[in-house]
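Reader: I would like to learn how the words used for a protein structure are earned. Could we go through some of them together?

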Amino acid sequence: MFSRNIKFLQELLFLSVGCFFMSLSLSVFFEPHLIAPGGITGLSIVINSISGVPLWVLNLCFNIPLFIIAYKILSKEEIIKTLLGVLLLTLCLNFTSKLSNINATNDPLLACIVGSVLNGIGLGIIFRINGTTGGTDLIGLLVNKFLPSISIAVLMGIADFIVIFLSGIVSKEIEIALYSGLALFLTVKVTDFIVDGFNYSRSFTIISNKSDEITYSIMDKLERGVTILKGEGGYTKNEKDIILVVVSKRQVVTLKKIIKSIDPYAFIIVSDIHETLGEGFSNINAL
């Protein structure tokens, strides 16, 4: 029970930090330049430019009915996290609304880049704890229930495109719509980077007639575990041992040299891995 409470407090802290980063990007960088990177928050920026209604009020007004409709669909844990996410983002937007007049930059491109990085970091932190701030996530979930043939990702993409299109119409500048599209792209990329983690590794699949020597050398010199897979040549029908090993990026060059020194004719497949969990890498229990 105690450990569950500690975990909940940790997730609440991360959710708060993520919402603060998001609100900072929206209030300081996106809103002053009418950059609307999709979603409910982007739509709020568009409506704010027309009506002057604060972002925090619009965010709450949009999300309350969505939350009520989605209440029966979400699990108990999802309900709590969604409600907390919506409320925390609203509070953070209210707090950072006073910063919208500080004129951080007059360059819309710089505002687009910095805002996207902050927004992506915030969303990444929230997604790492499986949290949400409502918005298009809920819209996609609800519409998907009625149109199951269309994926949630496609529905969210359509919603984002409409918001970006509206930003261009309201501002009467195609550049603003382009900046909004760029902001959405950069936000997604930064979010993926945060969610995937910083522990980039590479996987090697090695096919060689000298698999025993290569295996021993890898374990001895790199101190990495090796998995042996059984394979068969499609043409020759000869059985072969296939080596599978995951190494950190700093060990890539050393591993290639090891393989080359033992069997320069080995067949090697190298794959990028965004996150590796287990012995010798990140501990899955720390997540």
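Author: Gladly! This is a predicted model, and Phe 30 is a good place to begin. Leaving aside neighbours within four places in sequence, Phe 30 is in contact with Ser 25, Ile 35, Pro 37, Ile 45, Ala 111, Cys 112, Gly 115, Ser 116, Asn 119 and Ala 183.

Reader: What makes Phe 30 stand out in the largest nonpolar core?

Author: That core has 20 residues, and Phe 30 is among those that touch the most other members, along with Cys 19, Leu 26, Ile 35 and Ile 45. Helix α1 (2-30) is one of the elements giving two or more residues to this core, as are α4 (76-96), α5 (108-128) and α8 (174-196). The most, five residues, come from α1. Another core, of 15 residues, lies apart and includes Ile 206 and Val 245.

Reader: Why is Leu 182 called partly exposed?

Author: Its relative accessible area is 31%. Buried would need under 20% and exposed over 50%, so Leu 182, at 31%, falls in between. Leu 182 lies in helix α8 and helps make a nonpolar surface patch of about 380 Å² with Leu 109, Ile 113, Val 117 and Phe 185. The largest share of that patch, three residues, comes from α5.

Reader: How do you know that Asp 272 and Arg 202 form a salt bridge?

Author: Their closest N and O atoms are 2.9 Å apart, and the cut-off is 4 Å, so the pair qualifies. Asp 272 lies in strand β4 (residues 267-273) and Arg 202 in strand β1, so the bridge ties together parts 70 residues apart in sequence.

Reader: Are those two partners buried, partly exposed or exposed?

Author: Asp 272 has a relative accessible area of 53%, so it passes the 50% mark and is exposed. Arg 202, at 25%, counts as partly exposed.

Reader: How many salt bridges are found in the whole structure?

Author: Two. Lys 230 and Asp 241 also form one, with closest N and O atoms 2.9 Å apart. Lys 230 is in strand β2 and Asp 241 in strand β3, so this pair joins parts 11 residues apart in sequence. Lys 230 also stands opposite Asp 241 in the paired strands.

Reader: What makes β2 and β3 a pair of strands?

Author: At least two bridges are needed, and six join β2 (residues 227-232) to β3, so these antiparallel strands count as paired. Strands β1 (residues 201-207) and β3 (residues 239-248) are antiparallel too, with seven bridges.

Methods: Residues are numbered from 1 along each chain as its sequence is written. This is a predicted model: local features need pLDDT of at least 70, side-chain atom pairs count only at pLDDT 80 or more; totals for chains, interfaces and linings use all residues. Side-chain values use heavy atoms; hydrogens and water are left out. A nonpolar core is a set of buried Ala, Val, Leu, Ile, Met, Phe, Trp, Tyr and Cys residues joined through side-chain atoms within 4.5 Å. Buried means under 20% relative accessible area, exposed over 50%, partly exposed in between (1.4 Å probe, protein chains only). Helices (H or I, at least four residues) and strands (E, at least two) are DSSP runs, numbered from the N terminus. Contact means heavy atoms within 4.5 Å. Patches are made of residues with over 30% relative accessible area and no salt bridge: like charges are joined within 9 Å, nonpolar side chains (Val, Leu, Ile, Met, Phe, Trp, Tyr) within 5 Å. Accessible areas come from the Shrake-Rupley method with a 1.4 Å probe; for residues, only the protein chains shown count as cover. A salt bridge is a side-chain nitrogen of Lys or Arg within 4 Å of a carboxyl oxygen of Asp or Glu.
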